[in-house]
Amino acid sequence: MINSAITNLPLSANLSAVIRGKNSILATMKKFPLVLFLLAFHCAQSQLNLVKYVRPIIGTEKMGHTYPGATVPFGAVQLSPETDTIPYEKNGKYNGEVYKYCAGYRYEDKTIVGFSHTHFSGTGHSDLGDFLIMPSQGKLQLNPGTATNPENGYRSAFSHANETAEAGYYKVKLDDDAILAEMTATERVGMHQYTFSKPGESHIILDLMSGIYNYDEKTVYTYVRVINDSLITGYRQTNGWARTRTVYFALSFSKACVKYGQKNYDPKQAYRGFWGKFDQSTNFPEIAGEKIRMYFDFKTAEGEKIKIKLALSPVSQENALENMQTEIPHWDFEKVKSQAQESWNKELNKIVITATEDIKVNFYTSMYHTFINPTVYMDVNGEYKGLDQGIHQADGFTNYSTFSLWDTYRALHPFFNIVQPGRNSDMLQSMLEHYKQSSLHMLPVWSHYANDNWCMSGYHSVSVISDAIIKDVYTGDAHAALEACVTTARRRSYEGIGLYTDLGFIPAEKSGISVSNTLEYAYDDWCIAQLAKKLNNTAIYEEFSKRSSNWKNNYNPANGFMQPKLSDGTFKKDFDAMSTHGQGFIEGNSWNYSFFVPHNPAELIRVMGGEKKFINRLDSLFSMDLPDSFFAETEDITREGIIGGYVHGNEPAHHVAYLYNWTGQPWKTQAQVRKILKMQYKPTPDGLGGNDDCGQMSAWYIFSSLGFYPVAPGSDQYALGSPIVNHAEIHLENGKNFTVEVVGQSDENIYLQRVLLNGKVLDKPFIAHSDITNGSKLTFYMGKKAKRD
């Protein structure tokens, strides 16, 4: 038994104070229970059951990099299984196998290592995987073992036949000890339920060393305090993709443990002080170090359930405990699961479609994936840790993190401007708070957990900000937002901006991604110009309008491609438009990037020699055959994500199929969009042709399924495609509905015959954002033959 002095240890004064105060939400619920019940009942009655169409398992095989575990919309907790322990480095070099485990889970694997509480959805680089928990029985093993020798560790075999993944709920049978593992979550708390089929000694392992993209020195420090025999708190500091990340936790068991202990796996620690006076291995209430695994022993009867609540906080252990007590003040697992699924159903009902069953599965799973990120990054009391490492209060907004902006500015945030404008406004405010806290005075590039990891290129926060303000979504200070955009774009020391500003391009000698950076900066500068125009700032408008034409400096008229240019103004020799390596582009080649002028397709067509040549080049992109050598140069692109030479499995060309709309052959957009929808999205574990990238791939699917797409965020214009739904109702936050009606829908009828907006025929393949927010009706008439007049 645990020493009674530890068993009966009360909550600390600070923790008790947290529980006593700051609980206005619960107080309100107690005061008006009938009103809240009737309101919830009315909302539930008016909603369709759309959760049944969500398949979180889609994208977990091959390149999708999604996870199957439990989370709620935009939740800070993503409770999901890990299926291996692949390290980031091997023999001192990058280990390419780790790329397959960006989400921790790989459908192809046969064992589960445990269940951790933080994950990215669909990324091509990674971090997180905090606080891994695994149940076991029999002999205690604190090593996870390996996939080839699982019996040497605490991992367990599992079968997909005994696995269930739903929105807000995950279940799997752990075959080795016949333990049923179930997961659900609230915004800040993960809840586990383990059913032990056999009586005897059972263990709960808490692995504080485990992580995604892990390496020996990644965990900087870990601290655990055992409050009593069913409650512990602590924190973990890591240096990974985010280099100054600290996550605090509070963990509670539904049953008191009979014994607990730990093992420190850091033999190289030079200084240990005088803590050797204690036996810290068993029943010791204060544990600290870099590499720690803990265990908690229980006596369980046949069929007994042990439940766990683990709450996260970016601020403190006290806040983590307050988060737990506020969000799950009970042990009713089914109630938490039901609430999680109700929260998903509420979000999914923002768009109600009529379509085939497979399309509904793809559509609502895509909506599910779009509503995972960004994630809430604040405690229930509004506190969060900022980039300056200080504690801040989110006043009047919800603070968010996980901004994969190189991906999500293209379609995800424009999608939010339609269906989540309130949240997107808060996301902009979060970006601007990031800017204020940044020592560099820059908006986020790719940020998570109070860090900018600086991944990818461009400064695409300005696209998200401009698009939201131009579409009247952001409710904050637009002039301050413009100032933040301009200051970021003038940061000369960041990735060639000074050279770009002075020369109009970035010399190839100075950057390995000189061309893609120039192209992306030019687009971002156009966004700033549009924002300045809306705010009547003529000087900024003229400055950035001029910069937005810098893409022309990398266009080589001799071959028709965007090409690296040297400092002396000549084009770099030995140029290969097919290659993704050493040609000046990030995660792509010139064939795809040469069409990256989303803000001015008409001028791109003129520069490329006119409409006929432009159409021929687009046709060639979609019909060419890529050699296998193309796929050897980048881990982010595989053949599954390719149509001809068009790369849909990565983002830079996501707008390209819609460019035919700027020519006299818009029917080719309709044909290519239908082909992409059919080939790149399937209701299967390997159903995504590339990384979902925090919802960007899914947002492309949603827009295109509905028949329109935001080619250039920062504009209020959407280009028409070829819808695959029969009918759709988008329920807007302003109380209006935007309706999509498709007449003559079928697999063969892929071409638009005519399109009506509120009963009037459109003479161009475009609609405006106001057409949506005003609650219009868009009617597509479909046919088998392209309409060429």
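The largest cavity is lined by 19 residues. Nearest its centre lie Ala-76, Leu-312, Val-376, Tyr-377 and Tyr-449. Strands E19 and E21 (375-376) each supply at least two residues of this lining. The model is a predicted one.

A search of the whole structure finds six cavities of 30 Å³ or more. The table sets out two of them.

| Cavity | Volume | Lining residues | Lining by class |
|---|---|---|---|
| Largest | about 170 Å³ | 19 residues | 10 nonpolar, seven polar, two charged |
| Second largest | about 130 Å³ | 18 residues | seven nonpolar, nine polar, two charged |

In the second largest cavity, Leu-387, Asn-399, Tyr-400, His-434 and Ala-450 lie nearest the centre. Helix H10 gives the most to this lining, with four residues. Strands E22 (383-385) and E24 (400-401) each supply at least two residues there.

Strand E19 also belongs to an open sheet of nine strands. The order is E8-E9-E10-E11-E19-E15-E14-E13-E17, with antiparallel pairing. At the edges stand E8 (163-166) and E17 (286-289), each pairing on one side only. Neighbouring strands are turned by 15 degrees against each other on average, direction ignored.

Within this sheet, eight bridges join E14 (residues 231-238) to E15 (residues 245-253). Arg-236 stands opposite Val-247 in E15.

Two helices meet the sheet. Helix H5 (residues 317-327) lies across E11, E13, E14, E15 and E19, and runs at about 125 degrees to E19. Helix H6 (residues 333-348) packs on the sheet and touches E8, E9, E10, E11 and E19. The direction of H6 makes about 50 degrees with that of E10.

Terms used. Residues numbered from 1 in each chain as written. Predicted model: local features only at pLDDT ≥ 70, side-chain atom pairs only at ≥ 80, totals over all residues. Heavy atoms only, no water. Pairing = 2+ DSSP bridges. Axes fitted to C-alpha atoms, helices over the stretch in contact; angles between N-to-C directions. Contact = heavy atoms within 4.5 Å. 1 Å grid on protein atoms, 1.4 Å probe; cavity = no way out; pocket = protein on both sides within 12 Å on 5 of 7 lines; lining within 4 Å. Points joined across faces, edges and corners; volume = space filled by probe spheres on them. Nonpolar A, V, L, I, M, F, W, Y, C, P; charged D, E, K, R; others polar.
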